[in-house]
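Here are a few short exercises to help you find your way around a new structure. Try each one yourself before reading the solution.

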Amino acid sequence: MDDTRLDERSLSKLRWRCRRGLLENDLFVERFFARYESTLTVRQAEGLVALMDLSDNDLLDLLLARREPEGELNRPEVRDVLLQMRQPA
């Protein structure tokens, strides 16, 4: 995995990609970016993109720890980002 920091252009694209239709998900995403934006790596971005490919309800279930990543989604970069996103304010 690539632990290189994201450049500004990639970070901007990632922020746009992470916009959600469900307010609750947006709150988790915004808090994640507020904490980790300046240190985000390519590896973290890959995990975040995998989570953003989920439907809003499936993502919320993961963020609220109602369920855990399964199958293809059960990868270290996804689990790591999910743990970061679940950290309380």
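**Exercise 1. Find the buried residues of helix α3 and the helices that cover them.**

Solution. This is a predicted model, so we read its features from computed values.
- Step 1: look along α3 for buried residues, and you should find R43, Q44, A45, G47, L48, A50, L51 and M52.
- Step 2: compare with the full helix. It runs over residues 42-52, and eight of its eleven residues are buried, so α3 is largely enclosed by the rest of the structure.
- Step 3: ask what does the covering. Among the elements over these buried residues are α1 (8-17), α2 (23-36), α4 (56-63) and α5 (76-86).

**Exercise 2. Work out how the rings of F32, F33 and Y36 are linked.**

Solution.
- Step 1: count the aromatic pairs, which come to two.
- Step 2: take F32 and F33. Their ring centres are 5.8 Å apart with 80° between the planes, an edge-to-face pair.
- Step 3: take F32 and Y36. Here the centres lie 5.1 Å apart and the planes meet at 45°; because that angle is neither under 30 nor over 60 degrees, the pair is tilted.
- Step 4: place this second pair in the sequence. F32 and Y36 are four residues apart in helix α2, so about one helical turn separates them.
- Step 5: put the pairs together, and F32, F33 and Y36 form a cluster.

**Exercise 3. Decide whether F33 is buried or exposed, and find the charged end that sits over its ring.**

Solution.
- Step 1: the relative accessible area of F33 is 1%, which is under 20%, so F33 is buried.
- Step 2: look over the ring, where the charged end of R15 sits 4.6 Å from the centre.

**Exercise 4. Name the residues that touch the most other members of the largest nonpolar core.**

Solution.
- Step 1: the core has 25 residues, and those touching the most other members are L14, F32, F33, L48, L51, M52 and M85.
- Step 2: trace where the core comes from; α1, α2, α3, α4 and α5 each supply at least two of its residues.
- Step 3: follow M85. Leaving out residues up to four places away in sequence, M85 touches F28, V29, R31, F32, L48, L51, M52 and L63.

**Exercise 5. Locate A65 and describe its phi.**

Solution.
- Step 1: A65 lies in the loop between α4 and α5.
- Step 2: its phi is near 60°, a positive value in a residue other than glycine.
- Step 3: recall that most residues other than glycine have a negative phi.

Note on methods:
Residues numbered from 1 in each chain as written. Predicted model: local features only at pLDDT ≥ 70, side-chain atom pairs only at ≥ 80, totals over all residues. Heavy atoms only, no water. Buried < 20%, exposed > 50% of the residue type's maximum accessible area, 1.4 Å probe, protein only. Contact = heavy atoms within 4.5 Å. Phe/Tyr/Trp six-rings, centres within 6.5 Å; stacked < 30°, edge-to-face > 60°. Lys NZ or Arg CZ within 6 Å of the ring centre and 35° of its normal. Core = buried A, V, L, I, M, F, W, Y, C linked by side-chain atoms within 4.5 Å.
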